Amino acid sequence: MDERPKTILVIDDDRELCSLLCEYLKPEGFLVEAAYEGKNGIDLAMQNPYNLIILDVMLPGALDGFHVLQALRSRTALPVLMLSARGEDIDRIIGLEMGADDYLPKPFNPRELLARIRTILRRSLAGKPGIEGSVTSSCHQIGDLEMDTSCRRVLCAKKAVELTGVEFSLLALLIKNAGQVLTRDYLTNEVLGRPLSPYDRSVDVHISKIRKKLGPDHNGNERIKSVRNSGYVYTSIDSPGKRKTDHSALP
């Protein structure tokens with residue numbers, strides 16, 4: 001197990017909040033650095049090996065949080081937890097659609113923030129040798145979709161598919177239970193590490209992004225189907241004898 005402190009970059013113009021987060025997270029084993037505007041935040045993120053970025057939507061200057069997230073996602077797969085004082089559903093959905101791993105409205109309980117951070121890091125560190133949450137080698141194939149959890153690689157029609165940590169964990173869980181309906185409550189608990197709250201569409205947005213990245217199967221059907229008032233099911237199953245599975249290391 002890696003005992004080194006995990007490093008977090010907070011990009012937020014609220015200096016008092018940044019200071020409070022540093023004081024709160026340090027005893028929990030985190031080293032926190034801060035950037036107070038977008039460009040500096042992007043530069044720091046590219047120059048240093050952070051484990052997580054906490055990004056505020058409302059930033060001063062030309063680059064707000066969405067622009068910063070867009071720039072980060074074009075260059076790195078670093079996990080991003082977004083913050084916003086607006087608390088509007090549209091902000092949450094836009095952030096998730098642009099590649100944020102999770103979203104927390106201000107004001108927030110520091111303990112909830114800590115729980116979200118730990119959940120995101122467990123996902124992002126899973127599969128890396130010598131790091132907490134590592135898994136044994138495991139490959140899984142259904143049709144033209146191949147998943148290797150040891151290196152967190154996904155191939156679709158022999159082409160690499162870039163997934164965020166949340167997307168990878170969701171897809172792994174759906175494939176492990178292919179043919180079975182998994183409820184939104186279950187997926188939210190297992191992957192996002194929290195109970196499903198009213199009007200929370202986080203899982204739906206992540207599923208939508210996975211669908212777009214994978215595309216339909218060879219028959220033109222959705223690989224992940226919605227089950228009304230229930231959840232989702234991975235339905236693209238091979239013909240008998242062609243399905244290759246090792247479930248032992250799937251999340």
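This is a guided tour of one protein chain, taken selection by selection in the viewer.

**The whole chain**

Begin with everything shown as a cartoon, and keep in mind throughout that this is a predicted model. The protein chain holds eight helices and 12 strands, and of its 251 residues 49% count as buried. If you switch on a surface, you are looking at an accessible area of about 12500 Å², of which 51% belongs to carbon and sulfur atoms. Among the contacts in the chain with a separation of 6 or more, 60% are made by residues 24 or more positions apart.

**The parallel sheet**

Next, select strands E1 to E5, which form an open sheet in the order E2-E1-E3-E4-E5 with parallel pairing. Its edge strands are E2 (30-35) and E5 (102-105), each of which pairs on one side only. Neighbouring strands of this sheet are turned against each other by 20 degrees on average, direction ignored. In general, the strands of a sheet pair through backbone hydrogen bonds, and the pairing may be parallel or antiparallel. To look at one pair in detail, keep E1 and E2 visible, which are joined in the parallel sense over six bridges, and pick out Val10, whose bridge partner in E2 is Ala34.

**Helices on the sheet**

Now add helix H1 (residues 15-25), which lies across E1 and E2 and runs at about 170 degrees to E2. Helix H3 also packs on the sheet, where it touches E1, E3 and E4, and its direction makes about 175 degrees with that of E4.

Stay with H3 and select residues 65-73. Which residues of this helix are buried? They are Gly65, Phe66, Val68, Leu69, Ala71 and Leu72. An α-helix has 3.6 residues a turn, so residues three or four places apart point the same way. With that in mind, show the buried side chains of H3 together with their surroundings: they pack against strands E1 (6-11), E3 (52-56) and E4 (80-84), and also against helices H2 (38-47) and H4 (89-97). Before leaving, zoom in on the start of H3, where a side-chain oxygen of Asp64 comes to within 3.1 Å of the backbone nitrogen of Phe66.

**Two hairpins that share a strand**

Move on to residues 145-160. Strand E7 (residues 145-148) and strand E8 (residues 153-156) pair in the antiparallel sense over four bridges, and the two form a hairpin with four residues between them. In the turn of this hairpin, select Arg152, which has a positive phi of about 50 degrees.

E8 also pairs with strand E9 (residues 159-160), again in the antiparallel sense, over two bridges. This second hairpin has two residues between its strands, and here Ala157 takes a positive phi near 55 degrees. Cys156 is a useful residue to label in both hairpins, since it is the bridge partner of Leu145 and stands opposite Lys159 in E9.

**A buried aspartate**

For the last stop, select Asp204, whose place is in helix H8 (residues 202-214). Is this residue buried or exposed? Asp204 counts as buried, because its relative accessibility is 16% and the cut-off for buried is under 20%. Leaving aside residues up to four places away in sequence, Asp204 touches Arg184 and Tyr232. Show the side chains of Asp204 and Tyr232 together, and you will find a polar contact of 2.6 Å joining them.

Notes:
Residues are numbered from 1 along each chain as its sequence is written. This is a predicted model: local features need pLDDT of at least 70, side-chain atom pairs count only at pLDDT 80 or more; totals for chains, interfaces and linings use all residues. Side-chain values use heavy atoms; hydrogens and water are left out. Buried means under 20% relative accessible area, exposed over 50%, partly exposed in between (1.4 Å probe, protein chains only). Contact means heavy atoms within 4.5 Å. A polar contact is a pair of N or O atoms within 3.5 Å; within protein, one must be able to donate a hydrogen and the other to accept it, and residues adjacent in sequence count only if both atoms are side-chain atoms. Accessible areas come from the Shrake-Rupley method with a 1.4 Å probe; for residues, only the protein chains shown count as cover. Two strands pair if DSSP finds at least two bridges between them. Axes are lines fitted to C-alpha atoms, for helices over the stretch in contact, and angles run from 0 to 180 degrees between N-to-C directions.
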